[in-house]
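User: I would like to learn how the labels given to residues in a structure are justified. Could we go through them one at a time?

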Amino acid sequence: MLTWLEQFLVRYPELALFLVIAAGYWIGSFKIGTFSLGPVTGALFAGLAVGDFAHVPVSSMTKSFLFLLFLFGVGYLVGPQFAQSMKRDGLKPMLLAIVVCLTGLATSIAVAKVLRLDPGYASGLMSGALSQSAAMGTATDAINGLAIPEAQRALFVSHIAVADAVCYIFGYAGVILFVTQIAPALLKIDLPAEALKLEQALGVTRTKPGLASAWRKFELRAYRLDERSALVGVTVAAAEARIPDYRLFIHRIRRGEHLLEADPSTVLAAGDLVALSAPRQVIVEWIGPRAEEVEDRELLDIPLITADVILINPKLAGVTLEAAARESWARALYCAR
């Protein structure tokens, strides 16, 4: 049975590849407390197990294609964040990268010399310990350029993947252990207390699942405009500008039996029912005493969405919230924090 399975994997290497991916996700799903290997590390261990069981041939073109696809995915994911970080923090990320690269390279060379590792194991040690799979491709090209027999080059290249898979888990676990335990002890700081202070500084609040505050910063109400209202005969844009220190927006108007979307150029008339939003303070202190509030479910049935927004447009970098609030695209938008 095992012989047949070995021959089957050797004959159909593409199925062996998919088997490794599936097994990697299965292995990565197991948890010990809050710790789990994850699909990447799981796939590395699954690949080691399958490779030890059967010598599955993988073409060099497939290796290069998958490796380049991996590099593309990583670059596509972190590229925009890296560019924004460079603009925001200047040379700090670059300096950190240089220090990590030099320290990791020097440590890998020292360990390889002490343990007398061959070039393949040494390269895999560095790529796995630093969790930098891109180093595998560089090391493979370097080894393939050595003036040594072909069989020895192939052996060294195979050692890269083995050492990388073994050291990968320690690269992640070591960083987690250092950041959560060793570094706070060296700096003599209380990490949970410092994290709580940072959350408070950033306005992050913690609530139990299913619980929410009954207080709302912004309200949506409906009001009737009578003949004496100061808003009769003015446009929606002019009405919204009546309280310049606060953001107030008219979203929808009921005029007779018709519901109208509130265009900034629309002129308000006596008898209109308007659905407007504003900070709760404005609703209570300014609008409430001066207008008749009405209940109109259809008028107030306006879709709302709350979302976390990441700034990616370089044209907005450096623009204040006050300046952005005056743009037309910011109409009816509120910043919750």
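Analyst: Let us begin with Glu 240, which touches Leu 248, Phe 249, Ile 250 and Arg 331 when residues up to four places away in sequence are not counted, contact meaning heavy atoms within 4.5 Å. This is a predicted model, in which local features need pLDDT of at least 70 and side-chain atom pairs count only at pLDDT 80 or more, while totals for chains, interfaces and linings use all residues. Residues are numbered from 1 along each chain as its sequence is written, and side-chain values use heavy atoms, with hydrogens and water left out.

User: Why is Glu 240 called buried?

Analyst: Buried means under 20% relative accessible area, exposed means over 50%, and partly exposed lies in between, with a 1.4 Å probe and protein chains only. Glu 240 has 12% relative accessibility, and therefore counts as buried.

User: What makes the pair of Glu 240 and Arg 331 a salt bridge?

Analyst: A salt bridge is a side-chain nitrogen of Lys or Arg within 4 Å of a carboxyl oxygen of Asp or Glu. The side chains of Glu 240 and Arg 331 meet at 2.4 Å, N to O, so the pair fits that rule. The two residues are 91 apart in the chain, with Glu 240 in helix α10 and Arg 331 in the segment after α13, where helices (H or I, at least four residues) and strands (E, at least two) are DSSP runs numbered from the N terminus.

User: Why does Arg 331 count as partly exposed?

Analyst: Its relative accessibility is 27%, and because this value falls between the two cut-offs, Arg 331 counts as partly exposed.

User: How do you know that Arg 326 and Glu 322 form a salt bridge?

Analyst: Their closest N and O atoms are 3.8 Å apart, and this is within 4 Å, so the pair also counts. Arg 326 and Glu 322 are both exposed.

User: What makes β3 and β6 paired strands?

Analyst: Two strands pair if DSSP finds at least two bridges between them. Strand β3 (residues 218–224) is joined to strand β6 (residues 273–279) by 7 bridges, so they pair, and they run antiparallel. In this pairing Tyr 223 stands opposite Val 274 in β6.

User: What is meant by a nonpolar core, and which residues have the most contacts inside the largest one?

Analyst: A nonpolar core is a set of buried Ala, Val, Leu, Ile, Met, Phe, Trp, Tyr and Cys residues joined through side-chain atoms within 4.5 Å. The largest has 17 residues, and those with the most contacts inside it are Ile 250, Ile 253, Leu 268 and Val 274.
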